[in-house]
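Dear colleague,

Please find below the structure that I promised to hand over. My notes on it follow directly after.

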Amino acid sequence: MTSDDTTLTASAPRLEVDALIDDPRTRIVVCCGSGGVGKTTTAAALGVRAAERGRRVVVLTIDPARRLAQSMGISELDNIPRRVKGVDEAAGGELHAMMLDMKRTFDEIVEGHADADRARAILENPFYQSLSAGFAGTQEYMAMEKLGQLRADDEWDLIIVDTPPSRSALDFLDAPKRLGSFLDGKFIRVLMAPAKVGGRAGMKFLNVGMSMMTGTLSKLMGGQLLRDVQTFVAAMDTMFGGFRTRADATYRLLQAPGTAFLVVAAPERDALREAAYFVERLAAEEMPLAGLVLNRVHGSGAAQLSAERALAAAETLMDDGPAQGGGAADGPADTPDAHAENNLETTGIVDLGDGKTRSGTAGGLSPAAAADHVAPTSASAAQLAAGLLRLHAERMQVLARERRTRDRFTALHPEVPVTEVAALPGDVHDLAGLRAIGDRLALNGEDLDAPC
């Protein structure tokens, strides 16, 4: 361990991943962070590790790339938890995985909170179909809805959530409020008003109070779309309060002691800047932050050799290399001119001083002469060694940059526990790879001095 690692240990608390996932009071772990930092892999690795340590786990992913299914050996994930085969269940745990189906989850809400006729009218409504398939914030809201359903079932020891691959870390927390605000907003209430008033009075209100607005909206939206919206709103009238109630309940669930947020980041400036912003937002919302997972951290098996010393050694090798073999190729018999003088262009035979012969070519040395020609061999070895030293210097410069970036984060948030996950040499695509990530999560950077 280098002095930089000692500084990190002193300034940032250690995130004990095994203690977190082993604690029976931990019922929900939410992995969040910016896109491309390894949230999905981290969530899956935590799921495998927790299951093999004896917990009944479900991993919920909202990642459309389907990497989770591939790494767990499942052909396809859907809205129903699927058991993952190949997990060691000797400790009594199980692992299930599922991918959020946004529209199906919305349909389940409608079917569960409306009678059959009203549910059918809603599900067949064109505006509802557009809303449930792609309205801004719907995916994040439905993720929270599905989380609430899983927790209410009380079937799982641990629920691990892989949050949506959103560029903004705020979307995940804001979406339930945004969708709830839309459904409770003035525009919706205005559209609901005629249905609430009913009868002749409702028609009078519609004709007088909304004639100008509906005329304008008809031009902007189209008359059919406006009628679809009004029909949808009338059918959903009794359900709007339920959306707000469930959103509030799930929000409180996220704040409960049994929930733990893990902010996942890479040791890069932009990723850690967004991680810092998310840490601050979680604190402002009183969400329980467990710590930071710093993914894909590089290490070296020769960390005691600095970049400066490696570069200096490479320069020395290249300066000394040509001098080592400067006269090794001397001798007129081995030069192209000497070959020409002895008519080697046609015969390929040359008389040696001792009366023996050897083969050669007009364009180069014979095999026997090449064996005695040590200068090129020495030069190649020097070049190879210098190249390796330069590669090591580049690696040490990467390490130094990552440590500076990490240290800036820990200086701003010294209270946040940190675990560092050493980079793997290749992509994770199976359970073995997920176990390796889980091991590195628990090691907390202790293997960073190994080559990777």
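How many of the 14 residues of helix 3 are buried? Please bear in mind throughout that this is a predicted model. In helix 3, 12 of the 14 residues are buried, so this helix is largely enclosed by the rest of the structure. Helix 3 covers residues 39–52. Its buried residues include the charged-type names Lys39 and Arg49, together with Thr40, Thr42, Leu46, Gly47 and Val48. Ala43, Ala44, Ala45, Ala50 and Ala51 are also among them. From its first C-alpha to its last, helix 3 reaches 20 Å, which is close to the 20 Å expected at 1.5 Å a residue. After helix 3 comes Gly54, with a positive phi near 110°.

Positive phi values also occur at two residues other than glycine.

- Asp154 has a phi near 55°. This residue is placed in the loop between helix 8 (138–153) and strand 5 (158–162). Asp154 counts as exposed because its relative accessibility, 51%, is over the 50% cut-off.
- Glu286 has a phi near 60°. The loop that holds Glu286 runs between helix 15 and strand 7 (289–297). With a relative accessibility of 62%, Glu286 counts as exposed.

Turning to the surface, Arg269, Arg401, Arg404 and Arg408 form a positive patch. Helix 19 (residues 374–412) supplies the largest share of this patch, namely 3 residues. Arg408 belongs to helix 19, and its relative accessible area of 47% makes this residue partly exposed.

Two further pairs of residues may be of use when you inspect the model.

- Glu280 is located in helix 15 (residues 269–284). Its relative accessible area is 43%, so Glu280 is partly exposed. Glu280 and His413 are separated by 133 residues in sequence, while their C-alpha atoms are 9.0 Å apart in space.
- Arg82 is part of strand 3 (residues 82–83). This residue is partly exposed, at 34% relative accessibility. Between the C-alpha atoms of Arg82 and Val59 the separation is 9.6 Å, and the two residues are 23 apart along the chain.

In brief, helix 3 is largely enclosed, whereas Asp154 is exposed and Glu286 is likewise exposed.

With kind regards

Key. Residues numbered from 1 in each chain as written. Predicted model: local features only at pLDDT ≥ 70, side-chain atom pairs only at ≥ 80, totals over all residues. Heavy atoms only, no water. Patch = residues over 30% accessible without salt bridge, like charges linked within 9 Å, V, L, I, M, F, W, Y side chains within 5 Å. Areas by Shrake-Rupley, 256 points an atom, 1.4 Å probe, with all protein chains shown as cover. Salt bridge = Lys/Arg side-chain N within 4 Å of Asp/Glu carboxyl O. Lys, Arg positive; Asp, Glu negative; His and termini not counted. Charge placed at Lys NZ, Arg CZ, Asp CG, Glu CD. Helix = DSSP H or I, 4+ residues; strand = E, 2+ residues; numbered from the N terminus. Buried < 20%, exposed > 50% of the residue type's maximum accessible area, 1.4 Å probe, protein only. Expected span 1.5 Å × (residues − 1).
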